[in-house]
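Visitor: Could you take me through one part of this protein up close? I would enjoy a look at how its charged side chains pair up.

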Amino acid sequence: MTDTVAAGSAANIRIDGERLWDSLMQMARIGPGVAGGNNRQTLTDADAEGRALFRDWCEAAGMTMGLDRMGNMFMRHEGAEPDLDPVYIGSHLDTQPTGGKYDGVLGVLSGLEVIRSIRDLGLRTRRPIVVVNWTNEEGTRFAPAMLASGVFAGVHDEDFANSREDAEGKRFGDELDRIGWRGDEEPGRRKIHAMFEYHIEQGPILEAEGRQIGVVTQGQGLWWLQVTLTGKDAHTGSTPMKMRVNAGLGMARITEAVHRIAMDHQPNAVGAVGQANVYPNSRNVIPGKAVFTIDFRSPDLEKLTSMRSKLEAEAVDIAKGLGLGLEIEPVGHFDPVTFDPGLAQTLRDAADRLGYSHMDLVSGAGHDACWINRVAPTVMIMCPCVDGLSHNEAEEISPEWARAGADVLLHAVLDTAEIVR
């Protein structure tokens with residue numbers, strides 16, 4: 001027979017918190033940053049090294065690896081009924097250039113810890129369990145973000161993904177081949193019964209509310225718009241003000257417009273210019289070109305669409321008024337996401353059983369779960385992070401927070417994969 005975790009046995013079914021923390025610290029040694037965090041960008045040598053360590057740990061825990069043509073790693077723990085669709089646990093190992101030690105990595109290594117704990121406790125599930133590392137979640141080197149999970153979910157095709165270029169003109173496909181982590185499996189062919197993604201909150205709400213667990217019911221939608229303004233390089237000292245065609249000034253005015261438009265769509269809307277470059281980037285040359293990326297987000301599709309529309313209209317007027325050429329290219333997008341209500345309740349039930357405080361959340365960031373939600377029931381669980389800081393080398397969580405979320409993940413996975421009694 002099969003069953004969920006009994007309430008009376010909850011105290012005995014826990015992950016090994018010290019082992020999880022040790023795994024996080026060992027992975028953090030690969031691709032160290034300059035200020036205590038990590039720079040393990042996707043498809044770099046450091047990424048390849050991190051992947052190899054994860055594979056070795058999984059194989060030592062009795063798991064077998066599948067690898068698709070996007071480099072997505074699927075580490076399988078067999079179930080009592082191998083033909084049943086597996087329960088997946090997934091996140092990512094790649095980081096921002098100045099990233100922390102936990103963003104994404106916590107979810108992957110907590111998945112490994114779930115399997116290690118299941119083996120330690122002598123438990124068996126009907127369904128197989130697969131721990132996945134999705135390639136290029138961050139999107140910092142190759143836009144858009146969540147690239148390989150997007151191919152898996154049918155959002156992007158393989159040719160599009162392979163053709164993405166980084167700032168040095170290196171192609172995603174070439175770099176994947178170079179580091180030796182391209183598999184033969186066709187992306188998207190796998191069946192998924194359900195997927196759980198465990199992640200740090202990347203926001204301040206859980207810590208401020210004193211809650212240990214965030215049950216993510218929705219994810220914000222997103223538009224990334226890359227803007228290129230073309231003006232005329234000219235000497236800053238000898239060019240009269242009225243004769244300048246200043247791409248930097250156009251960027252400043254559009255940046256201000258982004259902030260104002262987001263404020264006009266409150267509540268539950270945000271916007272900012274994150275990545276920005278001016279050319280030739282010389283202290284005594286008026287910029288003749290500016291390239292920058294706008295990030296709009298909201299859980300409300302109508303607001304998200306409106307912000308993009310208003311910005312594009314204002315950008316045309318700003319560029320025309322300054323005599324600038326203008327191009328706007330969408331480089332990332334997903335609609336707001338509603339995660340599976342049944343799986344969300346499974347997380348709440350597990351947290352209650354374990355005595356952990358919890359609350360529902362809307363994720364402010366994009367995650368691989370947002371794409372996988374299109375093809376399988378999916379949910380996210382979050383733990384607090386200090387001051388809500390993420391995408392920063394000072395990103396920090398506590399071992400207790402990490403363990404609490406992983407305990408809830410373990411119970412939810414066991415409930416969904418069904419313990420064999």
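Visitor: How many salt bridges does a search of the whole structure find?

Guide: Happy to help! This is a predicted model, in which local features need pLDDT of at least 70 and side-chain atom pairs count only at pLDDT 80 or more, while totals for chains, interfaces and linings use all residues. Residues are numbered from 1 along each chain as its sequence is written, and side-chain values use heavy atoms, leaving out hydrogens and water.

The search finds 25 salt bridges, each being a side-chain nitrogen of Lys or Arg within 4 Å of a carboxyl oxygen of Asp or Glu. Let's start with Asp45 and Arg178, whose closest N and O atoms are 2.9 Å apart. This pair links distant parts of the chain: Asp45 belongs to helix H2 (residues 45–60) and Arg178 to helix H6 (residues 172–179), 133 residues apart. Helices here are DSSP runs of H or I with at least four residues, numbered from the N terminus. Asp45 is exposed, at 54% relative accessible area, whereas Arg178 is partly exposed at 44%. For these words, buried means under 20%, exposed over 50% and partly exposed in between, with a 1.4 Å probe and protein chains only.

Both residues also belong to a network of salt bridges that links Asp45, Arg141, Asp166, Glu175 and Arg178.

Asp177 has a salt bridge of its own, with Arg182, where the closest N and O atoms are 2.6 Å apart. Asp177 is partly exposed at 44% relative accessibility, and Arg182 is partly exposed at 27%.

Definitions and conventions. Helix = DSSP H or I, 4+ residues; strand = E, 2+ residues; numbered from the N terminus.
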